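Me: I should like to learn how local features are read from a structural model. Please take each feature in general terms and then turn to the case at hand.

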Amino acid sequence: MSTLENLSLANLTVTVDAAQIALVTLDRAEKRNALNAETVEALIELFGRVPRAGVRAVVLRAAGDHFCAGLDLVEHHREDRRPADFMHLCLRWHEAFSKMEYGGVPIVAALKGAVVGGGLELASAAHIRVADRGTYFALPEGQRGLFTGGGATIRVADLVGKARMIDMMLTGRIYKGEEAVEVGLCQYLVDDSETRAMEIARATAENPPLTNFAICSAISHMQNMSALDAAYAESVVAGIVNTQEAARGRLEAFADKSAARVRPE
Ligand code: 1HE
């Protein structure tokens, strides 16, 4: 049994299969998987451990009909938080989502229903987003008299661009279907997002772990650097990854013409 399966995590369940694919379920369907403070702590605990747990990929799914309704608005209202309290809570969200984005293990989000507000911030911390035809994306913060606090100004703006994000927040505009793919909110639109997300996770798990580590951490780090520093960091990462033992057999297979060629079907 994986060490991840033994963790006691509020509102999250984890199973790890024989291929070392972790299936993480947001398990608060009765509240539409709204993220309360203890769920954010559970995400930190889990994703802090994922890189050292021998897991090859993660599928992040949700119980119930909706992926995630964002910030727990009822808890926020009840707690009557002061500015510093909420700032510190947002820092915990950032901690969780940074552990996901920079952790080096591919995370594939299987989306359905509402992916809104902080739910979209969570989804945007995954490396690949797979939506089904009922999935819809929104940033209803404007209508709630709120502002994003879980990294949307960075990650959602990265996905859709500044102008679209501002429009989503000012007007509550909802994206779904092909349009959501076109604007960059998800990369796959399918009938069954969980099945497809698992297939994608299994495919990514075929890559050497060090290669996936670079893809799922270095690109994000390099985006934060100047072009000059990013080029330098890229050369260092490539120096390590592209000479790894795990790549030797693959290169040999290409050289002796036994490896698959890159061709459209
Ligand atoms: C919640 C939440 C929540 C549901 N916090 N409890 N996010 C939003 O503005 C989205 C708010 N939620 C909704 O618009 C709807 O709930 C849904 C479209 C997602 C689902 O609708 P529906 O009809 O299936 O469910 P419901 O009847 O609205 O809610 C069912 C229960 O979930 C109900 O609790 P109950 O105890 O009365 O049964 C709701 O209160 C609860 N629930 N959503 C708390 N969000 C770091 S800053 C991030 C800022 C934001 O994320 S702002 C966006 C917040």
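Me: Where does Gly-184 lie?

Reply: Secondary-structure elements are DSSP runs numbered from the N terminus, with helices (H or I) of at least four residues and strands (E) of at least two. Gly-184 is in the loop that runs between helix H8 (177–183) and strand E9 (188–190). The model is a predicted one, in which local features need pLDDT of at least 70, side-chain atom pairs count only at pLDDT 80 or more, and totals for chains, interfaces and linings use all residues. Residues are numbered from 1 along each chain as its sequence is written, and side-chain values use heavy atoms, with hydrogens and water left out.

Me: Does Gly-184 count as buried, partly exposed or exposed, and what is the C-alpha separation between Gly-184 and Val-105?

Reply: Buried means under 20% relative accessible area, exposed means over 50%, and partly exposed is in between (1.4 Å probe, protein chains only). Gly-184 has 23% relative accessibility and therefore counts as partly exposed. Its C-alpha atom is separated by 21 Å from that of Val-105, and the two residues are 79 apart along the chain.

Me: Where is Gly-113 found, and is Gly-113 buried or exposed?

Reply: Gly-113 occupies the loop between strand E4 (107–111) and E5. With a relative accessible area of 8%, Gly-113 is buried. Between the C-alpha atoms of Gly-113 and Ala-152 there are 19 Å, for a spacing of 39 residues along the chain.

Me: In which helix does Ser-193 lie?

Reply: Ser-193 belongs to helix H9 (residues 193–204). The relative accessible area of Ser-193 is 4%, so this residue is buried. Ser-193 and Glu-182 are 11 residues apart along the chain, and 17 Å separate their C-alpha atoms.

Me: How should the backbone angle phi be read, and which value does Asn-11 have?

Reply: Most residues other than glycine have a negative phi. Asn-11 is not a glycine, yet its phi is positive, at about 65 degrees. Asn-11 is located in the segment before strand E1 (12–16), and its relative accessibility of 19% makes it count as buried. Asp-80, also not a glycine, has a positive phi of about 50 degrees. Asp-80 sits in the loop between H2 and helix H3 (83–101), and it counts as exposed, with 52% relative accessibility.

Me: Which residues are closest to the ligand, and how many surround the ligand?

Reply: A residue is near a molecule if one of its heavy atoms lies within 4 Å of it. The ligand is surrounded by 24 residues, the closest being Lys-31, Arg-32, Ala-69, Gly-118 and Arg-144. The shell consists of 11 nonpolar, six polar and seven charged residues. In this division Ala, Val, Leu, Ile, Met, Phe, Trp, Tyr, Cys and Pro are nonpolar, Asp, Glu, Lys and Arg are charged, and the others, Gly among them, are polar.

Me: What polar atoms of the protein lie at the ligand, and how much of the ligand is covered?

Reply: A polar contact is a pair of N or O atoms within 3.5 Å. A polar side-chain atom of Lys-31 is 2.3 Å from a ligand oxygen atom. A polar backbone atom of Glu-30 is 3.4 Å from an oxygen atom of the ligand, while a polar backbone atom of Ala-69 is 2.7 Å from a nitrogen atom of the ligand. On its own the ligand has 1000 Å² of accessible area, and the protein covers 69% of this area. Accessible areas come from the Shrake-Rupley method with a 1.4 Å probe. Helix H2 (73–79), strand E5 (114–116), helix H4 (118–124) and helix H5 (141–144) are the elements that give two or more residues to the shell.

Me: How many disulfides does the structure hold?

Reply: A disulfide is a covalent bond between the sulfur atoms of two cysteines. The criterion is a pair of cysteine sulfur atoms within 2.5 Å, and the structure holds zero disulfides. Cys-90 is in no disulfide, and its nearest cysteine sulfur, that of Cys-68, is 14 Å away. Cys-90 is buried, at 12% relative accessible area.

Note on methods
A polar contact is a pair of N or O atoms within 3.5 Å; within protein, one must be able to donate a hydrogen and the other to accept it, and residues adjacent in sequence count only if both atoms are side-chain atoms.
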